[in-house]
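This report describes how the parts of one protein chain are arranged. Please examine the sequence and the structure shown here before reading on.

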Amino acid sequence: MYKENKTICIFATRWGSHFGGINVFNREMCIGIKEFKNSLNLVCIVNDLTDEEESDARLHEINLLKVKESSHPIEIIETLNRAQYFPEYWIGHDIYTGDLA
């Protein structure tokens, strides 16, 4: 079965430039993905989250979901499912995001 609105889950420690580097890259990548294919649902897993970061992500139609850094992958999947996110694709690509990436 073909599903039009695919969901991508991206892992980061924070949204934006708080720690610089990979988080800036992730924010820009997410915004670029949404601009390229707006029908995609993007959810970014972060370890910490401010109201300003959440507002910024929402402005770009990107959802942030906060989880503990020590969360087990099953806990993250359960958190995603409770929030009605069912990702088809996962992006985690650096050593700083931790074992989940």
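**Strands and sheet**

Strand 1 and strand 4 run parallel and are joined by three bridges. Within this pair of strands, Ile10 stands opposite Ile91 of strand 4. The coordinates belong to a predicted model, and every value in this report is to be read in that light.

How do the four strands follow one another in the sheet? Their order is 3-2-1-4, the pairing is parallel, and the sheet is open. Strand 3 and strand 4 form the edges, since each of them pairs on one side only. On average, neighbouring strands of the sheet are turned by 25° against each other, with direction ignored.

Helix 3 packs on this sheet and touches strand 1, strand 2 (41-46), strand 3 and strand 4. The direction of helix 3 makes about 135° with that of strand 2.

**The aromatic pair**

The structure holds one aromatic pair. The rings belong to Phe11 and Trp90; their centres are 6.1 Å apart and their planes stand at 15°. Planes under 30 degrees apart count as stacked, and therefore this pair is stacked. The pair links distant parts of the chain: Phe11 lies in strand 1 (residues 7-11) and Trp90 in strand 4, 79 residues apart.

Are the two partners buried or exposed? Phe11 has 7% relative accessibility and so counts as buried. Trp90, at 42%, counts as partly exposed.

**Two loop residues with positive phi**

Attention now turns to the backbone. Phi of Glu61 is near 60°, which is a positive value in a residue other than glycine. Gln84 is likewise a residue other than glycine with a positive phi, near 65°.

Where in the chain is Glu61 found? Glu61 is in the loop between helix 2 (51-59) and strand 3 (62-66). Gln84, for its part, is in the loop that lies between helix 3 (73-82) and strand 4 (89-91).

The accessibility of these two residues can be set beside that of the aromatic partners. Exposed means over 50% relative accessible area, and buried means under 20%.

| Residue | Relative accessibility | Class |
|---|---|---|
| Phe11 | 7% | buried |
| Trp90 | 42% | partly exposed |
| Glu61 | 47% | partly exposed |
| Gln84 | 58% | exposed |

Glu61 counts as partly exposed because its relative accessibility is 47%, while Gln84 counts as exposed because its value is 58%.

Key: Residues numbered from 1 in each chain as written. Predicted model: local features only at pLDDT ≥ 70, side-chain atom pairs only at ≥ 80, totals over all residues. Heavy atoms only, no water. Helix = DSSP H or I, 4+ residues; strand = E, 2+ residues; numbered from the N terminus. Buried < 20%, exposed > 50% of the residue type's maximum accessible area, 1.4 Å probe, protein only. Phe/Tyr/Trp six-rings, centres within 6.5 Å; stacked < 30°, edge-to-face > 60°. Pairing = 2+ DSSP bridges. Axes fitted to C-alpha atoms, helices over the stretch in contact; angles between N-to-C directions. Contact = heavy atoms within 4.5 Å.
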